[in-house]
Amino acid sequence: MFIEFTQEQTMFQGAIRDFAEKEIAPLVEEAEEKERFPVALFPRMGALGYLCVSHPAKYGAGELGKVGDCIAVEEIARIASGIASAIMVQGGIGTVILVRQGTEEQKQKYLIPAIKGEKIAAFALTEPNAGSDAAAIQTTAVKEGDSYVINGTKMFITNGPIADFVVVMSYTDKEAGPRKGMSAFVVEKGTPGFTVARKLSKVGNRSAETGELAFQDCRVPAENLLGEAGEGFGYMLATLARGRVSHAARSLGVARAAFEASLQYAQERVQFGQPIARFQAIRFKLARMATDIEAARWLMYRAAWLVDNGQERMKEVAMAKFFASEVAQQAVTEAMHIHGGYGYMSEHPVQRYYRDAKLFTITEGTSEIQQTIIARELGI
Ligand SMILES: Cc1cc2nc3c(=O)[nH]c(=O)nc-3n(C[C@H](O)[C@H](O)[C@H](O)COP(=O)(O)OP(=O)(O)OC[C@H]3O[C@@H](n4cnc5c(N)ncnc54)[C@H](O)[C@@H]3O)c2cc1C
């Protein structure tokens with residue numbers, strides 16, 4: 001049973017926290033303002049071994065497991081959730097299928113450069129008419145000789161506008177249904193027929209770049225197929241399950257940032273002759289936030305530990321994502337309240353946490369979908 005970090009994990013946490021505070025924090029304001037990811041972070045983090053930290057050491061990654069991935073995501077999201085999401089995609093949904101199903105050639109071509117930060121990855125499942133209902137995607141990949149021709153539109157794709165390659169989910173055999181008819185392909189930037197249809201402007205997480213991608217008679221060589229044709233749905237479910245644990249870590253990072261800012265502010269802000277932290281109403285809010293964050297942390301690291309120990313369970317993963325994302329929403333709402341009028345001002349980071357956290361109950365499976373999974377696992 002996972003109880004505390006190993007010495008290696010503790011050292012990694014200290015190092016990545018230090019990096020996030022010293023090297024990411026100064027970039028946040030401009031990136032959020034311009035809605036542009038600071039792409040130089042990719043090679044910088046790659047060189048330090050801070051990208052794709054859970055991937056195998058034999059490809060140059062840290063092999064720190066899901067626990068290591070969550071440590072990194074939590075610390076980066078504490079500084080900037082948008083930047084954390086781009087880094088999460090790189091080490092998660094954008095490359096997990098390559099690690100698990102990729103050929104040695106595909107790993108050399110895409111995975112290793114992604115670990116080094118030389119290539120940026122994205123993962124494209126969602127479509128304009130298919131979000132929670134992933135089986136309803138309409139993108140098709142038709143085999144023609146030694147290639148596949150992809151047609152379709154992908155929506156809300158993190159890193160889409162800056163990606164060097166995208167893992168695209170498509171039907172290769174619609175008649176066979178999702179479990180036997182969906183496949184995953186790598187599509188490289190610059191492939192004729194593949195365009196970024198538009199970059200999307202968001203309420204929060206603005207330092208991550210999100211786009212709509214179009215595939216129009218986009219021809220890719222058959223060797224860009226990942227794993228077996230028709231098995232993509234299973235690969236995708238396993239990828240998303242792991243990604244949800246990282247999502248819990250991202251939620252936790254923002255909840256912590258909101259809590260830490262509130263704790264400090266409550267001790268500094270004086271009203272009626274005393275710090276507002278002396279008022280029971282404020283003390284109880286902070287006590288509640290601290291407790292919820294601690295509970296979310298346990299659920300999240302337990303789910304990560306289960307993944308690392310080959311006991312990946314849908315229920316625990318869904319609980320971790322569901323609970324942490326709801327805790328983050330509660331924490332940012334209370335944080336803004338504790339900060340009073342100052343928290344509502346654009347110049348204060350608390351409003352960013354507030355905008356960022358709203359996403360967490362929506363993306364990579366909404367709270368309703370997580371509860372549906374938990375209920376199903378309960379046998380009802
Ligand atoms: C910023 C951002 C980044 C994203 N990045 C990526 C990415 O990199 N790659 C990618 O593929 N996708 C990405 N997504 C897509 C994301 O995963 C979807 O938005 C999410 O799965 C929800 O789908 P939807 O937005 O179409 O909402 P819908 O599925 O249309 O849901 C709308 C509402 O209906 C509810 N609902 C739907 N079905 C049910 C049901 N069965 N029971 C109860 N309630 C239900 C939902 O909970 C929600 O409240 C991103 C989205 C955002 C906003």
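**Salt bridges, a cavity and a ligand site**

The side chains of E188 and K109 pair up in a salt bridge, with N and O 3.4 Å apart. That contact ties together distant parts of the chain, since E188 sits in strand β5 (residues 182-188) and K109 in helix α6 (residues 104-116), 79 residues apart. Keep in mind that this is a predicted model. Beyond this pair, here is a quick tour of other salt bridges, the one cavity of 30 Å³ or more that a search of the whole structure finds, and the surroundings of the ligand, which has 17 residues around it.

**Salt bridges**

- The total comes to 23 salt bridges.
- As background, side chains of opposite charge can pair when their charged atoms come close.
- Back to the opening pair: E188 has a relative accessibility of 26%, so it counts as partly exposed.
- Its partner K109 is also partly exposed, because its relative accessible area is 41%.
- R78 and E21 form another salt bridge through their side chains, at 3.0 Å from N to O.
- This one also links distant parts of the chain: R78 belongs to helix α3 and E21 to helix α1 (residues 7-34), with their positions 57 residues apart.
- R78 is buried at a relative accessible area of 14%, which is under the 20% cut-off.
- E21, in contrast, has a relative accessible area of 36% and is therefore partly exposed.
- D292 and R288 make a salt bridge too, and their closest N and O atoms are 3.5 Å apart.
- Both residues lie in helix α9 (residues 280-308), and because they are 4 residues apart there, about one helical turn separates them.
- The two ends of that bridge sit in contrasting settings: D292 is buried at 13% relative accessibility, while R288 is exposed with a relative accessible area of 54%.
- Salt bridges with shared partners also build one network out of R17, E21, E74, E75, R78, R256, E260, E294 and R297. The R78 and E21 pair described above is part of that network.

**The cavity**

- Why use a probe at all? Rolling one the size of a water molecule over the atoms shows where empty space is left.
- The search turns up 1 cavity of 30 Å³ or more, and the largest cavity holds about 60 Å³ of space.
- Its lining is made up of Y50, L51, C52, V53, D69, A72, V73, I76, I87, M88 and G91.
- Helices α3 (65-79) and α4 (81-91) are the elements that give two or more residues to this lining.
- Which element gives the most to the lining? That is α3, with 4 residues.
- By class, the lining of the largest cavity counts 9 nonpolar, 1 polar and 1 charged residues.
- Helix α3 turns up in two places here, giving residues to the cavity lining and carrying R78 of the bridge to E21.

**Around the ligand**

- Of the 17 residues that surround the ligand, the closest are T126, S132, F156, T366 and E368.
- On the T126 side, an N or O atom of the side chain is 2.7 Å from a nitrogen atom of the ligand.
- F156 uses its backbone instead, where a polar atom is 2.7 Å from a nitrogen atom of the ligand.
- For E368, a polar side-chain atom lies 2.7 Å from an oxygen atom of the ligand.

Definitions and conventions: Residues numbered from 1 in each chain as written. Predicted model: local features only at pLDDT ≥ 70, side-chain atom pairs only at ≥ 80, totals over all residues. Heavy atoms only, no water. 1 Å grid on protein atoms, 1.4 Å probe; cavity = no way out; pocket = protein on both sides within 12 Å on 5 of 7 lines; lining within 4 Å. Points joined across faces, edges and corners; volume = space filled by probe spheres on them. Nonpolar A, V, L, I, M, F, W, Y, C, P; charged D, E, K, R; others polar. Salt bridge = Lys/Arg side-chain N within 4 Å of Asp/Glu carboxyl O. Buried < 20%, exposed > 50% of the residue type's maximum accessible area, 1.4 Å probe, protein only. Near = heavy atom within 4 Å. Polar contact = N/O pair within 3.5 Å; in protein donor to acceptor, adjacent residues only side chain to side chain.
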